[in-house]
Amino acid sequence: LMAIGGAVLTLGLVQRRRLGPPVGSWVYELTDWGKRLEPVLVHLGQWGRHSPFRDLDAGISVDSLLLAMRGDFAPTTPLTGTYALHFGDDHVSVRVVNGEIEVDRGEPADPDVTISTDTRTFAAVLVRKRTLDDAISAGDLVVTGEKKPVEQLLNAFPRPQSGKP
């Protein structure tokens, strides 16, 4: 893995930088050139969504979830809003304006609603393996703010059709 990471750094896809105080940790992030791979990765994710071997119960990383959200977003009605997603210490900002989605790590300045959960629960709700109400009732997902914008956001993602091209 170190050889692969070194090769990625050498190729200029990823850069390493140190976060400022009080964190002071080293982080890796895509370079501008590395970010140009996103459409390819999104397309691969959309292709993989139709796999007959897709396991909708498998765990998912925050980064994979963000990429899937970027690639699968397809609102059928006008939608605008700012959402904060909290997956433990991982905070994600989701902004929707005029039918376009922007998903980034970090906390949005003034979210309309905040969703606190884990990636497995959010993915299950997103792909309709579990209802939003069930996840809330079980205490696996907490909505701070109105529930309706969360429902509208979830409805902007297609239902998975595993095994069907």
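Which residue of E6 is the bridge partner of Phe 87? In the predicted model examined here, Phe 87 is matched with Thr 117 of E6. This match belongs to the pairing of strand E3 (residues 81–87) with strand E6 (residues 113–117), which is parallel and extends over five bridges. Helix H5 (residues 119–126) packs on the sheet through contacts with E3 and E6, and the direction of H5 makes about 115° with that of E6.

The sheet itself is open and consists of five strands in the order E5-E4-E3-E6-E7, with mixed pairing. The edge positions are taken by E5 and by strand E7 (142–144); each has a single partner strand, so one side of each is left without a neighbour in the sheet. On average, neighbouring strands of the sheet are turned by 20° against each other, with direction ignored. H4 also packs on the sheet, where H4 touches E3, strand E4 (90–97) and E5. The direction of H4 makes about 170° with that of E5.

The largest nonpolar core comprises 29 residues, of which Met 69, Val 94 and Phe 122 touch the most other members. At least two residues of this core come from each of H4, E3, E4, E5, E6, H5, helix H6 (132–137) and helix H7 (148–155). For Val 94, with residues up to four places away in sequence not counted, the residues touched are Met 69, Gly 81, Thr 82, Tyr 83, Leu 85, Ile 101, Glu 102, Val 103 and Leu 153. Met 69, named with Val 94 among the core members that touch the most others, is thus found again in the contact list of Val 94.

Thr 82, another residue touched by Val 94, is placed in strand E3. Thr 82 has a relative accessibility of 19% and counts as buried, because the limit for that class is under 20%. When neighbours within four places in sequence are left aside, the contacts of Thr 82 are Val 94, Arg 95, Pro 108, Asp 110, Pro 111, Asp 112 and Val 113.

Two of the helices that supply the core were examined by residue. H5 is mostly covered, with seven of its eight residues buried. The buried residues are Thr 119, Thr 121, Phe 122, Ala 123, Ala 124, Val 125 and Leu 126. These buried residues of H5 pack against H4, E3, E6, H6 and H7.

In H7, the buried residues are Pro 149, Val 150, Leu 153 and Leu 154. Because they cover an arc of only 140° around the axis, these residues lie on the same side of H7. An α-helix has 3.6 residues a turn, so residues three or four places apart point the same way. The exposed residues Lys 148 and Asn 155 are carried by the face of H7 turned away from its buried side. The elements against which the buried residues of H7 pack are E3, E4, E6, H5, H6 and E7.

Side chains of opposite charge can pair when their charged atoms come close. The structure holds eight salt bridges. One of them joins the side chains of Asp 63 and Arg 105, at an N to O distance of 3.1 Å. This pair links distant parts of the chain, since Asp 63 lies in helix H4 (residues 62–72) and Arg 105 in strand E5 (residues 100–105), 42 residues apart. Both partners are partly exposed: the relative accessible area of Asp 63 is 47%, and Arg 105 has a relative accessibility of 42%.

A further salt bridge is formed by Glu 102 and Arg 95, whose closest N and O atoms are 3.3 Å apart. Glu 102 is partly exposed at 41% relative accessibility, and Arg 95 is also partly exposed, at 31%. Each of these two residues appears in a contact list described above: Glu 102 is touched by Val 94, while Arg 95 is in contact with Thr 82.

The side chains of Lys 147 and Glu 151 meet in another salt bridge, with an N to O distance of 3.7 Å. Lys 147 is partly exposed, with a relative accessible area of 31%, and Glu 151 is likewise partly exposed at 31% relative accessibility. Salt bridges with shared partners also join Asp 63, Asp 90 and Arg 105 into one network.

Technical notes
Residues numbered from 1 in each chain as written. Predicted model: local features only at pLDDT ≥ 70, side-chain atom pairs only at ≥ 80, totals over all residues. Heavy atoms only, no water. Salt bridge = Lys/Arg side-chain N within 4 Å of Asp/Glu carboxyl O. Helix = DSSP H or I, 4+ residues; strand = E, 2+ residues; numbered from the N terminus. Buried < 20%, exposed > 50% of the residue type's maximum accessible area, 1.4 Å probe, protein only. Pairing = 2+ DSSP bridges. Axes fitted to C-alpha atoms, helices over the stretch in contact; angles between N-to-C directions. Contact = heavy atoms within 4.5 Å. Core = buried A, V, L, I, M, F, W, Y, C linked by side-chain atoms within 4.5 Å. Arc of directions from axis to C-beta.
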